Amino acid sequence: MEAAVKGKIHFWPVMTAIFFGNFLSVLSTTTINIAVPILMDHFQTGLHTMQWMVTGFMLATGVTAPLAGYLGGRFSYKRLYTFALSGFTVFSLLCALAWNPAVLIVFRMLQGSCSGLIMACTMTIIFQVIPQERRPFAVSLWSLSAMVAPAIGPTFSGWLLQFASWHWLFLINLPVGVAAVILTQLLIPYYRMNVPKSFDVPGLFTVVLGSLSLLGAFSQGGSWGWTSWKTLSMIALGIVLLILFVLRELKTEVPLLNLRVLKNRRFTVMLSIYSIVTVAMYAGTYLTPLFLQTAEGASTLKTGLILLPSSVLLALLSPVVGKLYPRFGPVKLISAGIACIFAGLFLMSRLHVGIAHNFILWAMVVRNLGIGLANVPSSTASMEEIPAEWSGHATSINNWIRNVLSSLAIAVFTSLLSNRQAVHAAELAMPGVTAGSGDIGLQSFTMGVNDVFVVAALLVLAGFPLMLLVRRKKENILAEGLHEGSGTLKSESAAKL
């Protein structure tokens with residue numbers, strides 16, 4: 001089946017359809033971050049409420065990712081991709097029509113659920129139908145689609161918000177979504193590699209509730225108190241449910257998410273590195289526009305222009321790194337990337353009220369240079385030893401873990417920012433303490449942002465020891481844990497066909 005599919009595949013038509021769909025899902029995230037202060041003012045609500053517009057989107061993206069492996073096998077990845085694109089477009093329209101923050105958050109979460117399926121489908125299609133020798137370049141194009149959106153998103157949304165209402169941030173998705181659906185129908189062939197026999201309802205129940213419990217605890221921990229019974233009980237419930245989910249998936253004949261792919265050391269290590277990089281990335285993506293508009297009083301257009309050079313660099317790096325990957329391999333590229341990310345985040349921890357905007361511009365350039373060097377190699381290397389039959393589950397796991405961690409990171413960063421801002425405000429207000437020129441509120445906010453950037457910078461350093469666990473790629477064999485079961489896997493797949 002796999003050989004037959006690949007024989008019919010034309011590289012550029014397939015990648016064109018994938019590019020537009022992935023671009024659409026990422027664009028909606030990047031354009032909305034810059035509008036958070038405007039939405040807070042429009043709906044007369046605080047950051048803790050409006051963060052759910054971002055956090056809820058990411059959570060829904062992560063929660064639906066485990067479904068992609070089953071649904072893609074059941075209905076084909078082409079049909080699932082088309083359905084997700086259509087849903088994303090419809091919910092974009094509904095977000096534009098939202099009349100209060102609660103409704104906007106709900107529609108954003110539904111939009112995020114479609115986004116999770118889009119990302120899982122596009123990556124799976126690459127690893128199932130694109131020939132192996134062209135996959136690094138295909139992944140670089142996939143990453144490019146995710147990088148072009150941040151490159152144009154902040155500047156475009158800043159310009160749009162300067163001359164139009166926030167509703168257009170969602171309405172702009174409609175023509176792109178319709179075009180992506182049409183291209184998918186015309187350019188991606190219908191295929192199915194295997195068909196699952198049943199649906200794992202207990203697995204879905206435990207993974208959704210477990211993820212929701214953890215997110216709720218981390219997002220509200222700052223206001224409830226990290227040692228309060230509500231916070232601790234929700235963390236405990238989330239951990240227990242996810243443990244039950246893991247045990248269920250390892251025992252059931254047809255798992256919702258085949259966690260056995262985690263036996264592959266290369267996949268697990270690269271997934272861990274990719275997750276660390278993603279979490280650190282969201283610190284800059286989320287906090288930099290907030291700082292520029294809150295502490296510096298920058299307009300949305302100016303904020304977008306400040307972020308434009310680093311975003312353009314990130315977009316241009318993706319295909320270049322894809323070409324460099326066969327020559328240098330993942331270890332050298334990712335190590336250089338982690339070093340640059342750390343340097344960029346450390347520079348961003350030196351902010352102060354009235355800082356030169358060129359400083360922020362260059363710090364973000366250094367940070368994005370690192371992200372560009374680390375993203376493509378980590379995502380490509382993670383899938384190199386995974387059989388095509390398991391690629392749907394592998395990409396679903398990748399998206400689930402990465403997006404749930406990202407949503408948790410935004411929640412933790414927001415709570416940490418509020419906590420540190422309160423601490424610094426109390427310190428600056430103490431008798432005998434000279435706060436210097438400027439408003440104490442703005443200074444304490446800036447100091448809190450700096451603290452969060454320090455935490456993110458230290459977090460990304462955890463990627464260095466993980467690189468020691470990366471062994472050289474095995475040629476023509478599966479990784480440990482998968483190699484022994486490959487014969488069984490192939491016979492099972494043949495039987496299902």
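How many cavities of 30 Å³ or more does the structure hold? The structure holds 2 of them, and I shall return to one after an overview of the chain. Please bear in mind throughout that this is a predicted model.

Let me begin with the fold as a whole. The protein chain has 18 helices and 0 strands. Of its 497 residues, 59% are buried. Contacts across the sequence deserve a remark: among those between residues at least 6 apart, 84% join residues at least 24 apart. The accessible surface of the chain amounts to about 19300 Å², and carbon and sulfur atoms account for 69% of that area.

I turn now to helix α6, which covers residues 101-129. G116 is found in this helix. Is G116 buried or exposed? Because its relative accessibility is 0%, under the 20% limit, G116 counts as buried. Leaving aside residues up to four places away in sequence, G116 touches T61 and T64. G116 also lies 8.7 Å from S396, C-alpha to C-alpha, although 280 residues separate the two in sequence.

Two cysteines should be mentioned as well. C114 has a relative accessibility of 6% and therefore counts as buried. C121, at 0%, is likewise buried, because that value is under the 20% limit. As for disulfides, the structure holds 0.

I now come back to the cavities, and specifically to the second largest. Its space is about 80 Å³. Which residues line the second largest cavity? The lining consists of M123, W142, Y274, S379, S382, M383, T395, N398, N399 and R402. Two helices, α14 (357-383) and α15 (391-428), each supply at least two residues of this lining. The largest share, 4 residues, comes from α15.

My final topic is helix α16, which runs over residues 440-460. Does its length fit expectation, or depart from it? At 1.5 Å a residue, the 21 residues of α16 should span 30 Å. The end C-alpha atoms are 31 Å apart, so the model agrees with the expected span. The buried residues of α16 are Q443, S444, F445, T446, G448, V449, N450, V452, F453, A456, A457 and V460. A general point is helpful when viewing such a list: an α-helix has 3.6 residues a turn, so residues three or four places apart point the same way. Within α16, the buried set includes V449, V452 and A456.

To close, I would recall the central feature of this predicted model: a chain with 18 helices and 0 strands.

Note on methods. Residues are numbered from 1 along each chain as its sequence is written. This is a predicted model: local features need pLDDT of at least 70, side-chain atom pairs count only at pLDDT 80 or more; totals for chains, interfaces and linings use all residues. Side-chain values use heavy atoms; hydrogens and water are left out. A disulfide is a pair of cysteine sulfur atoms within 2.5 Å. Buried means under 20% relative accessible area, exposed over 50%, partly exposed in between (1.4 Å probe, protein chains only). Contact means heavy atoms within 4.5 Å. Accessible areas come from the Shrake-Rupley method with a 1.4 Å probe; for residues, only the protein chains shown count as cover. The expected span of a helix is 1.5 Å times one less than its number of residues. On a 1 Å grid over the protein atoms alone, a cavity is a set of points where a 1.4 Å probe fits but cannot get out, and a pocket is an open set with protein on both sides within 12 Å along at least five of seven lines; lining residues have an atom within 4 Å of a point. Grid points are joined across faces, edges and corners, and a volume is the space filled by probe spheres set on the points.
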